[in-house]
Amino acid sequence: MSASSPSAPHAQRPRAAHLGPERRRPLILDIALDLFLERGYKGTSMEAVAQAAGVTKPVVYACFDSKAELFGALLDREEQRMHSQFSTALASGTQSSDVRAMLTSGFTSMLHAVKETPRAYRIALLGEGDAEAIVEARVRHGRNLQIAATAEAAHAWLQGRIPTERLDSVAQFVAQTLIAFGEAGVRTMLAAPENWTPELLGATLAELAVGGYSSFLQL
């Protein structure tokens with residue numbers, strides 16, 4: 001933020017009306033999301049959240065016991081949104097028997113979700129190199145859920161293509177690499193949305209993935 005801009009449009013908010021913790025939690029999460037995205041995890045304090053919300057720090061602590069708990073609750077909320085979008089993308093891909101078309105459809109659906117709700121994906125990336133160990137573990141947990149869901153789908157895709165005794169290990173490998181491709185796509189879409197459409201980037205990711213798997217899996 002430049003020196004010419006006052007540090008905080010957040011501080012100019014009017015004093016919040018009296019609400020109980022249950023009703024205030026969603027409001028605190030919305031305000032914290034803006035602050036975490038602007039300042040990062042380490043740069044955001046509970047006091048800053050309280051000031052931005054127009055309440056005292058004890059009010060924020062009545063909703064969340066610590067900054068890690070606040071960030072974890074924010075990840076829970078955004079992860080549910082992303083998991084729903086991810087499941088839709090995965091389902092859209094499995095409708096095709098052609099692997100290239102299947103991956104293109106899945107990646108494209110996921111990237112449309114990134115374009116529509118970029119803040120959800122940006123907050124998930126804050127756990128990398130910026131957060132405390134407990135928060136980094138929470139971010140990894142969300143990623144592991146996506147890997148597990150992808151491995152389950154890959155298991156079905158790989159039936160009949162490889163020996164049965166290798167099916168589980170190869171499905172896990174495919175899931176890990178597909179998630180890595182997807183994360184690269186998410187970062188690219190967030191960094192330069194003006195340079196890519198979900199369709200173009202989705203097709204590019206699918207082409208790269210199929211090219212990498214072709215000799216190994218004989219797709």
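Me: Helices here are DSSP runs of H or I with at least four residues, numbered from the N terminus. With that convention in hand, which residue takes a positive phi just after H1?

Reply: This is a predicted model, and in it Gly40 takes a positive phi of about 80° just after H1. Helix H1 itself covers residues 21–39. A second case follows H2, where Gly54 takes a positive phi of about 75° just after the helix.

Me: Before going further into H1 and H2, how many helices and strands does the secondary structure of the chain come to?

Reply: The count is nine helices and zero strands, and along the sequence the pattern accordingly reads α-α-α-α-α-α-α-α-α. Of the 219 residues in the chain, 44% count as buried, while the accessible surface comes to about 11400 Å², with 55% of that area belonging to carbon and sulfur atoms. Among contacts in the chain with a separation of 6 or more, 71% are accounted for by residues 24 or more positions apart.

Me: How should I read the packing of H1 with H2, and at what angle do the two helices pack?

Reply: A helix pair is read from the angle between the N-to-C directions of the axes, and an angle outside the roughly parallel, antiparallel and perpendicular ranges counts as oblique. H1 and helix H2 (residues 46–53) pack at an angle of about 120°, with their axes 9 Å apart, which makes H1 oblique to H2. The crossing of these two helices is right-handed.

Me: Which residues of H1 meet which residues of H2?

Reply: From H1 come Ile28, Ile31, Ala32, Leu35 and Arg39, and they meet Ala48, Val49, Ala52 and Ala53 in H2. By class, this contact has eight nonpolar residues, no polar ones and one charged residue.

Me: Which residues of H1 are buried, and how many of the eight residues of H2 are buried?

Reply: In H1 the buried residues are Arg24, Ile28, Leu29, Ile31, Ala32, Leu33, Leu35 and Phe36. H2 is mostly covered, since six of its eight residues are buried, namely Met46, Ala48, Val49, Ala50, Ala52 and Ala53.

Me: Turning to H5 and H8, at roughly what angle do their axes cross, and which residues make the contact?

Reply: The axes of H5 and helix H8 (residues 167–191) come within 10 Å and cross at roughly 40°, and the two helices are therefore oblique to each other. Their crossing is right-handed. The contact is made by Leu103, Phe107, Met110, Leu111 and Val114 of H5, together with Leu178, Phe181, Gly182, Gly185, Val186, Met189 and Leu190 of H8. By class, it has ten nonpolar, two polar and no charged residues.

Me: Staying with H5, is Thr108 buried or exposed?

Reply: The test is relative accessible area, where under 20% means buried and over 50% means exposed. Thr108, which has its place in helix H5 (residues 99–116), has a value of 11% and is therefore buried. Leaving aside neighbours within four places in sequence, Thr108 is in contact with Pro198, Glu199, Gly202 and Ala203.

Me: And is Gln80 buried or exposed?

Reply: Gln80, which lies in helix H4 (residues 67–94), has a relative accessible area of 59% and so counts as exposed. Gln80 and Ala120 are 40 residues apart in sequence, and their C-alpha atoms are 9.8 Å apart in space.

How values were computed. Residues are numbered from 1 along each chain as its sequence is written. This is a predicted model: local features need pLDDT of at least 70, side-chain atom pairs count only at pLDDT 80 or more; totals for chains, interfaces and linings use all residues. Side-chain values use heavy atoms; hydrogens and water are left out. Axes are lines fitted to C-alpha atoms, for helices over the stretch in contact, and angles run from 0 to 180 degrees between N-to-C directions. Angles under 35 degrees count as roughly parallel, over 145 as roughly antiparallel, 65 to 115 as roughly perpendicular and the rest as oblique. A crossing is left-handed if the near helix is turned anticlockwise from the far one by less than a right angle, and right-handed if clockwise. Contact means heavy atoms within 4.5 Å. Ala, Val, Leu, Ile, Met, Phe, Trp, Tyr, Cys and Pro count as nonpolar, Asp, Glu, Lys and Arg as charged, and the others, Gly among them, as polar. Buried means under 20% relative accessible area, exposed over 50%, partly exposed in between (1.4 Å probe, protein chains only). Accessible areas come from the Shrake-Rupley method with a 1.4 Å probe; for residues, only the protein chains shown count as cover.
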